[in-house]
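Visitor: I am new to this structure and would be grateful for a close look at a single part of it. Would you please take me through one pair of packed helices, and then through some individual residues?

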Amino acid sequence: MVRAPRPVGPRTLAERETAARGMRAALDRGDVPRVLLLVPDPHARFAAVELSGRFVTVEVLSGGYGICTYVFAWDVEREALPLGADSPLARYVDGYGDLRMRPDLATITALPDGVCGIVCDVEWPDGEPARAAPRRVLTEQLTALESLGYVPSAGLEHEVVFSDADGPLSAHGVDYAIGGTERMRPLLRDLRVALERSGLGVESARAECHPGQYEIVLRHRDALAACDDALLQQLIVRSVAAEHGVSAAYLAAPEPGQGCSCHVHLSLSTVAGEPASGDGTALSPVMASFLAGVLRDAAALAPVWAPTWNSYVRLRTAPFSPRELRWGVDDRTASVRVAGRDASLRLEFRFAGADAQPHLVVAALLAAGRAGVEEALPLPPAGEVLGALPGAPWEALSGLDRVAKLLGDEVAAQQEALLRAELAAGCSAVTDWQRRRGALRA
């Protein structure tokens with residue numbers, strides 16, 4: 001099965017393009033019989049179309065392939081968002097025409113059932129980029145950061161909860177444990193094989209601290225690959241779990257007091273590949289200003305970190321999902337942890353839940369951090385509390401002007417529409433919590 005190499009560490013956009021060109025020969029030889037074209041949507045999942053490898057080679061690589069515009073303006077149930085005619089996002093639901101997928105051959109991944117996945121960029125028929133596409137948002141931020149002379153590498157950590165008809169596959173927290181994970185082992189055995197075949201490059205896997213919770217971490221790589229591969233890994237995890245009659249849930253708060261996160265480990269290098277994060281555990285001036293920029297804008301960017309009603313249960317109740325905006329050295333109670341040292345020195349951003357869209361999360365970090373670098377912002381002392389993330393979804397709506405400034409009008413309109421749709425759905429639902437409190441009035 002064909003798969004593109006995932007080099008460890010930073011890689012410029014030009015280096016990614018060179019790698020993509022090197023994968024063309026495999027398609028031309030007919031080594032890829034079936035292709036799944038994949039487009040990351042705003043809900044941390046793929047929209048997909050399956051095609052023959054030959055058709056992709058002959059037609060799609062030169063001409064692209066259509067996908068409906070509303071994939072960037074739909075809610076989690078794939079219903080078009082209600083948008084006014086003056087919304088920057090309105091054209092995505094005006095007529096429901098086609099965008100054009102452009103496969104990125106640097107992403108070729110072996111998936112279950114003998115299919116190759118290829119992640120795509122998306123553009124309008126006239127070639128204009130679709131700026132509401134999460135992958136495009138990230139690419140624009142990478143381009144801007146490279147113009148300053150810096151290239152990020154990233155590692156994303158997602159926790160998943162495995163459950164079957166009897167509930168989570170461990171009855172209690174099994175943080176770092178071997179015992180207690182027996183019900184998971186048949187699934188994990190097949191998952192190891194599928195991930196090895198995929199070529200995604202797993203670094204570690206372990207049981208986590210809540211019932212049924214597990215974490216599989218990929219090695220750090222260029223930021224675009226890190227986000228693509230996080231979603232590809234989730235696709236494989238869900239597929240293998242389903243074969244075992246198991247659900248694999250990336251819910252931010254499986255229960256009150258429990259959290260599943262999207263922690264982002266991020267470091268900087270120069271475009272020449274030299275480390276630029278710092279020495280020992282001391283941040284370089286550029287990394288310090290980068291962190292200062294993120295801390296300044298973290299609250300305004302809450303719609304990106306916390307896109308669902310459930311996201312705020314995690315932020316309010318999960319002890320390792322801190323709302324307080326402060327940083328510390330090797331401190332997991334801080335919202336930003338300085339981790340590693342010397343060549344491995346990096347920032348671990350702990351804002352986002354497992355339900356967040358990873359391309360948007362990393363794009364938001366890069367946009368805010370770049371603003372800090374451009375303004376040479378001073379970094380406040382470690383441990384100093386600089387505010388807090390919003391504690392409710394309606395509070396997160398207040399930062400949308402800053403989202404527009406950092407990520408563009410289309411993204412801000414998208415995040416506002418998604419969050420308002422989430423609020424409307426939540427306020428229209430009758431939950432077990434409401435029934436229980438109603439019974440107390442009897």
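**Helices H4 and H10**

Guide: Helix H4 (residues 134–147) and helix H10 (residues 358–374) have axes that come within 8 Å and cross at roughly 25 degrees. The model under discussion is a predicted one. Two packed helices are described by the angle between their axes and the distance between the axes. Angles under 35 degrees count as roughly parallel, and H4 and H10 are therefore roughly parallel to each other. Their crossing is left-handed.

The residues that form this contact can be listed from each side. H4 contributes Pro-134, Arg-135, Val-137, Leu-138, Gln-141, Leu-142, Ala-144 and Leu-145. These meet His-359, Leu-360, Val-362, Ala-363, Leu-366, Ala-367 and Arg-370 in H10. Sorted by class, the contact of H4 with H10 comprises 11 nonpolar, two polar and two charged residues.

Arg-135, one of the H4 residues in this contact, also leads to another part of the model, for it is among the residues touched by Asp-104. Asp-104 is located in the loop between strand E4 (98–103) and strand E5 (109–110). With a relative accessible area of 11%, Asp-104 is buried, since buried means under 20%. Its side chain reaches the backbone nitrogen of Ala-106 at 3.0 Å. Besides Arg-135, the residues that Asp-104 touches include Arg-16, Ala-20, Ile-118, Val-119 and Cys-120.

Strand E5 (109–110) offers a further link, as Thr-109 and Ala-110 are both touched by Ser-198. Ser-198 belongs to helix H5 (residues 185–198) and, at 0% relative accessibility, counts as buried. A polar atom of the Ser-198 side chain lies 2.6 Å from the backbone oxygen of Leu-195. On the other side of Ser-198 in sequence, the backbone nitrogen of Leu-200 lies 3.2 Å from a polar atom of that side chain. Arg-3 and Ile-236 are also touched by Ser-198.

A last residue to consider is Arg-337, in strand E17 (residues 336–339). Arg-337 is buried, its relative accessible area being 6%. Its side chain is joined to that of Asp-330 by a polar contact of 2.6 Å. Among the other residues that Arg-337 touches are His-265, Asp-331, Arg-346 and Glu-348. Arg-337 and Arg-326 are 11 residues apart in sequence, and their C-alpha atoms are 8.9 Å apart in space.

How values were computed: Residues are numbered from 1 along each chain as its sequence is written. This is a predicted model: local features need pLDDT of at least 70, side-chain atom pairs count only at pLDDT 80 or more; totals for chains, interfaces and linings use all residues. Side-chain values use heavy atoms; hydrogens and water are left out. Axes are lines fitted to C-alpha atoms, for helices over the stretch in contact, and angles run from 0 to 180 degrees between N-to-C directions. Helices (H or I, at least four residues) and strands (E, at least two) are DSSP runs, numbered from the N terminus. Angles under 35 degrees count as roughly parallel, over 145 as roughly antiparallel, 65 to 115 as roughly perpendicular and the rest as oblique. A crossing is left-handed if the near helix is turned anticlockwise from the far one by less than a right angle, and right-handed if clockwise. Contact means heavy atoms within 4.5 Å. Ala, Val, Leu, Ile, Met, Phe, Trp, Tyr, Cys and Pro count as nonpolar, Asp, Glu, Lys and Arg as charged, and the others, Gly among them, as polar. Buried means under 20% relative accessible area, exposed over 50%, partly exposed in between (1.4 Å probe, protein chains only). A polar contact is a pair of N or O atoms within 3.5 Å; within protein, one must be able to donate a hydrogen and the other to accept it, and residues adjacent in sequence count only if both atoms are side-chain atoms. Lists of a residue's contacts leave out its neighbours within four places in sequence.
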